[in-house]
Structures are given as structure tokens and as C-alpha cells.
Amino acid sequence: MSRDLPWGRIAFGFFGYLAAVLIAVNVTVFAILAPSALPDNGAWGSFYADKRDLGLMYASGFMITPPTALPGFLLTLFVARRTSWVGWLPLACAGTLNAVLALAIFDIVLQVPDHVPLKTPLLAMPLMLPCLIGGFAGGIAYWAVVRRSLPSNAEFFWP
């Protein structure tokens, strides 16, 4: 006797991941551009760009985020199933940790040579704070999409 996959929950998970990526990228871009609202256009102690780089920032965010955030997302689903997470806060915190993992994956994939000046352990370190904020918002977005399909007991995907 074979079990049918719960296609409705899988679809909710897929759409939840899309919503999480969309919200995370938008919130991250907003957090990056927030210092440009300062009187000095964000120049004081900042690497941040201004509104002219908006298209490049969105294009980069939508190309980089889905593949780098997917491993952490799948890990979150596994842990959520094991520990029966159904609230917004655990998923939002998992989104924040997923941002750290995604930045680490991004740094590993870049493989910057050691002779590059000012190489840090994480090349994407200046993006850390905006990405943490975006990951938190992405976790909330995921919860907002899938909360109707989350069971109230320990079973998460399969009955």
C-alpha cells in the first residue's frame, strides 16, 4: 500500500518559500538603502549605495537568494517537522539563521583568492545586518503563507 504525498502541503511549502524569498530580498534592499535617507546620503561610515543601484541590487538579490537559501530552508523544514514548530517566532529565527548560512554559502561559492586586499573570513560581512533583517522577515512571510496548513500536533508533512 503506497502513501500519497500531501500535494497541498507541498504546494503551500513551495509558495511559502517563494514568498519568503520575495519578502527577504525586498526587506534587505530596503535595509541597505535606509542609510541613504540620512542627510549625508549614507556616506558616513557606510558602503551602501544609493537609489541608482536599485536595479542591480534587486537583480543580484533575486539571483543569489533562492539557490543559497534553499539548503537552510530544507534544514528548517526538517527541524520544524522534528520539533513541531508551528508558531511565527521559531520560523522567523530560522530565517535569520538561514541568512547567515546563505551568506556563508555565497562566500564559499565566490572562492576569493587570498591575495585580494581586505579579504575577510566572510566577504559578504557588510551585508550581514541587512540580510539578518531580511531573513527574519522572510521567516515571517513563510509562516504567513503556510500557517493554515500547519497541523496543531507533532505531525508536519505526512500523516
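**Entry 1: the whole chain**

I started with contacts along the chain: among those in the protein with a separation of 6 or more, 79% join residues 24 or more positions apart. I note here that the model is a predicted one. Next I looked up the elements, and I found four helices and zero strands. Read from the N terminus on, the order is α-α-α-α. I then checked burial, and 36% of the 159 residues count as buried. As for the surface, the protein exposes about 9900 Å², and carbon and sulfur atoms supply 73% of that area.

**Entry 2: helix α1 and a patch**

My next stop was helix α1, which covers residues 7-33. Which residues make the nonpolar surface patch of about 310 Å²? I found Phe 14, Phe 15 and Leu 18 there. Of these, I looked more closely at Leu 18, which sits in α1. Its relative accessible area is 37%, so Leu 18 is partly exposed; the band for that label runs between 20% and 50%.

**Entry 3: Thr 68 in helix α2**

I moved on to helix α2, residues 54-83, and picked Thr 68 within it. Is Thr 68 buried or exposed? Thr 68 has 11% relative accessibility and therefore counts as buried, since the cut-off is under 20%. I followed its side chain and saw that it reaches the backbone oxygen of Ile 64 at 2.7 Å. I also listed what Thr 68 touches, setting aside residues up to four places away in sequence: Ala 102, Ile 105 and Phe 106.

**Entry 4: the loop after α2**

Between α2 and α3 there is a loop, and I found Ser 84 in it. Ser 84 caught my eye: its phi is positive, about 55 degrees, although Ser 84 is not a glycine. I noted Ser 84 as partly exposed because its relative accessibility is 31%.

**Entry 5: helix α3**

Helix α3 takes in residues 88-110. I compared its length with expectation: at 1.5 Å a residue, the 23 residues of α3 should span 33 Å. The end C-alpha atoms of α3 are 33 Å apart, so the two values agree.

I then went through the buried residues of α3, and they are Leu 91, Ala 92, Ala 94, Gly 95, Thr 96, Asn 98, Ala 99, Ala 102, Leu 103 and Asp 107. What covers the buried residues of α3? I found that the cover includes α2 and α4. Ala 102, buried in α3, is also one of the residues that Thr 68 touches.

Thr 96 got a closer look. Its relative accessible area is 19%, so Thr 96 is buried, with the limit set at under 20%. Leaving aside neighbours within four places in sequence, I found Thr 96 in contact with Leu 132, Gly 135 and Phe 136. Just past the helix, I saw that Gln 111 follows α3 and has a positive phi, near 45 degrees.

**Entry 6: helix α4**

I finished at helix α4, residues 128-146, where I looked up Leu 129. Is Leu 129 buried or exposed? Leu 129 has a relative accessible area of 56% and is therefore exposed, as the label applies over 50%. I also checked Leu 129 against Ile 32, which is 97 residues apart from it along the chain. The C-alpha atoms of Leu 129 and Ile 32 are separated by 8.9 Å.

Definitions and conventions:
Residues numbered from 1 in each chain as written. Predicted model: local features only at pLDDT ≥ 70, side-chain atom pairs only at ≥ 80, totals over all residues. Heavy atoms only, no water. Helix = DSSP H or I, 4+ residues; strand = E, 2+ residues; numbered from the N terminus. Buried < 20%, exposed > 50% of the residue type's maximum accessible area, 1.4 Å probe, protein only. Polar contact = N/O pair within 3.5 Å; in protein donor to acceptor, adjacent residues only side chain to side chain. Contact = heavy atoms within 4.5 Å. Patch = residues over 30% accessible without salt bridge, like charges linked within 9 Å, V, L, I, M, F, W, Y side chains within 5 Å. Areas by Shrake-Rupley, 256 points an atom, 1.4 Å probe, with all protein chains shown as cover. Salt bridge = Lys/Arg side-chain N within 4 Å of Asp/Glu carboxyl O. Expected span 1.5 Å × (residues − 1).
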